[in-house]
Amino acid sequence: MMIEDYVENILLEDKRQFYKDLDMEKIEMSCNKNITPVIADFTEYSPLHNGHLYCMQEAKRLHPEALFVAIIPGLFERNGRGLPYILDRYNRANLAISLGADIAIEGPPMGVMGSGQYSLCLSLLFKTLNADYIPRGYISQDAKFKNILNYINNGKPVAPRPYKIISMDDKKVLLDGKLSNDDYVIVSLAKSLTKLDFDYKGKFIFIPRLENVSGSLIREKISNKDFDNLDDMLPQNTIDTLKKAISESKAPLHEYRAERILLDNVNTFDEEKLSNLTLMDDKTVENIINNRPFEDVSSILENISQGFSTHRKQRILSVLETGILKDEIHKYINNYPQKIRVLGYKNEETLSKFKNNLNNNSIGDNKIICQ
C-alpha cells in the first residue's frame with residue numbers, strides 16, 4: 001500500500017469511529033479516590049524524543065507507586081496546530097509503552113478543534129481518570145511565568161487573554177505578551193480544569209524542557225531519511241520504530257494529507273455545508289466558492305483567511321479533510337469522553353489496575369474500555 005492510501009484509510013476509518021462515538025452517551029464518574037494513583041500525561045509524541053522521555057522518567061521517579069497513563073491524541077491524526085503527526089497513534093502508543101508508560105489511551109481529535117475546545121476535552125479526560133498527578137514540560141524561564149506556575153500549583157485559577165495572562169480571582173495581569181505554544185497549553189489547561197471544578201492544587205508536576213531537543217529539526221531530518229546524529233535527541237526505540245514504519249510506507253505521515261478527499265470536499269461541498277463546518281469563517285467560504293475548482297493543497301491554503309492563531313490555516317485544512325460540522329463537534333465535546341480507548345499497556349497487571357480505578361469511579365454501565 002502506498003503511503004497516500006494509508007493516510008486516506010486512516011481518515012475514513014476515523015470518520016466512522018467519530019460518528020459512532022457521536023451517538024454514545026458520556027461516561028459519568030464519581031469523585032472516589034483512585035485505588036492506584038494515576039499520573040495522567042498528555043503528550044503528542046511526534047515523535048517521542050529525549051525531552052518526552054525525561055518528563056516521563058521524572059514523573060515516575062517522583063511517584064513510583066502511580067500508573068503512568070499516556071494520553072495520545074487520536075482521531076484524524078492531526079495535532080493542535082492542524083498538522084499531521086509523523087507516526088500514527090498506535091505506533092506512538094507502542095513507543096510510549098516500550099519506554100516506560102504503563103497505559104496509553106486515545107486522546108481527543110485535536111486537529112479539528114479550537115485550542116479552547118481540545119483543552120476542555122483534555123480536562124474532561126483528566127477528570128474522568130481522576131488524575132492524581134499531571135506532568136507538564138515548560139519552556140520559559142521568565143520569572144513572571146514561573147510565578148504563574150506557582151499560582152497553578154497552589155490551585156489558583158489563571159486564564160489566557162490576547163497577549164496576556166490574568167488571575168481569574170482578581171483579574172490581575174500576571175504576564176504581558178505571548179507564550180510559546182507548549183507553555184500556553186499549561187495555562188489553557190488550568191483554565192479548563194477550573195471550569196470543571198477539578199481541584200488541581202498540588203497535582204501539576206512542572207518539569208523544565210531539555211535544551212537541544214528540537215521536534216521540528218527531528219522531523220526535517222527524518223523527512224530527508226537522515227538518521228545521523230539523531231541519537232542525541234531520540235531514544236533508540238524511536239529511531240527503530242521510525243525506520244520500520246518508513247519501510248512499511250506508514251511514515252513519515254507529517255508530509256501527507258488525504259489530498260484526494262480534501263480536494264473533492266473543497267470542490268463539491270455547497271455553500272451551506274462549507275459554512276457549517278467547524279472553525280469555518282464566512283470569508284474563507286466566499287473565497288472557496290469564488291475560486292474553485294482547486295487542483296492542489298497550496299492553492300486552497302491561499303484562500304483560507306488569516307485568523308488570530310498562526311495555526312488557523314492548517315486547522316481549516318484538517319476540517320476540510322474531515323468534513324466535520326460545528327453542531328457535530330459541539331455534540332462530541334458535550335458527550336466527551338464516550339469511551340476510554342486503550343491503545344497499549346505494559347502487562348495484564350497494569351491493565352487490571354487501570355480498569356479497577358475506572359470501575360471504582362464509574363456511575364452506571366457506560367464504562368467500556370476498547371482495545
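**Exercise 1.** Where does D197 lie? Find its place, then look at its backbone and its exposure.

*Solution.* Keep in mind that this is a predicted model. Start with the place: D197 sits in the loop between α6 (181–195) and β9 (204–208). Next, the backbone: phi of D197 is near 60 degrees, a positive value in a residue other than glycine. That's worth a pause, because most residues other than glycine have a negative phi. Last, exposure: D197 has a relative accessible area of 71%, and exposed means over 50%, so D197 is exposed.

**Exercise 2.** Now try E77: is it buried or exposed?

*Solution.* First find E77 in the loop between β3 (67–73) and α3 (89–98). E77 isn't a glycine, yet its phi is positive, about 55 degrees. Then check the area: the relative value for E77 is 4%. Buried means under 20%, so E77 is buried.

**Exercise 3.** Which residues does a cis peptide bond join at P252 and at P337?

*Solution.* Take P252 first: its cis partner is A251, and omega is about -5 degrees. You'll find P252 in the loop between α8 (236–247) and α9 (259–268). On to P337: a cis bond joins it to Y336, with omega of about -10 degrees. P337 lies in the loop between α14 (326–334) and β10 (340–345). As background, most peptide bonds are trans.

**Exercise 4.** Which residues form a negative surface patch with E4?

*Solution.* The partners of E4 in the patch are E259, E295, D296 and E302. E4 itself belongs to helix α1 (residues 3–22). With a relative accessible area of 34%, E4 is partly exposed.

Terms used:
Residues numbered from 1 in each chain as written. Predicted model: local features only at pLDDT ≥ 70, side-chain atom pairs only at ≥ 80, totals over all residues. Heavy atoms only, no water. Patch = residues over 30% accessible without salt bridge, like charges linked within 9 Å, V, L, I, M, F, W, Y side chains within 5 Å. Areas by Shrake-Rupley, 256 points an atom, 1.4 Å probe, with all protein chains shown as cover. Salt bridge = Lys/Arg side-chain N within 4 Å of Asp/Glu carboxyl O. Lys, Arg positive; Asp, Glu negative; His and termini not counted. Charge placed at Lys NZ, Arg CZ, Asp CG, Glu CD. Helix = DSSP H or I, 4+ residues; strand = E, 2+ residues; numbered from the N terminus. Buried < 20%, exposed > 50% of the residue type's maximum accessible area, 1.4 Å probe, protein only.
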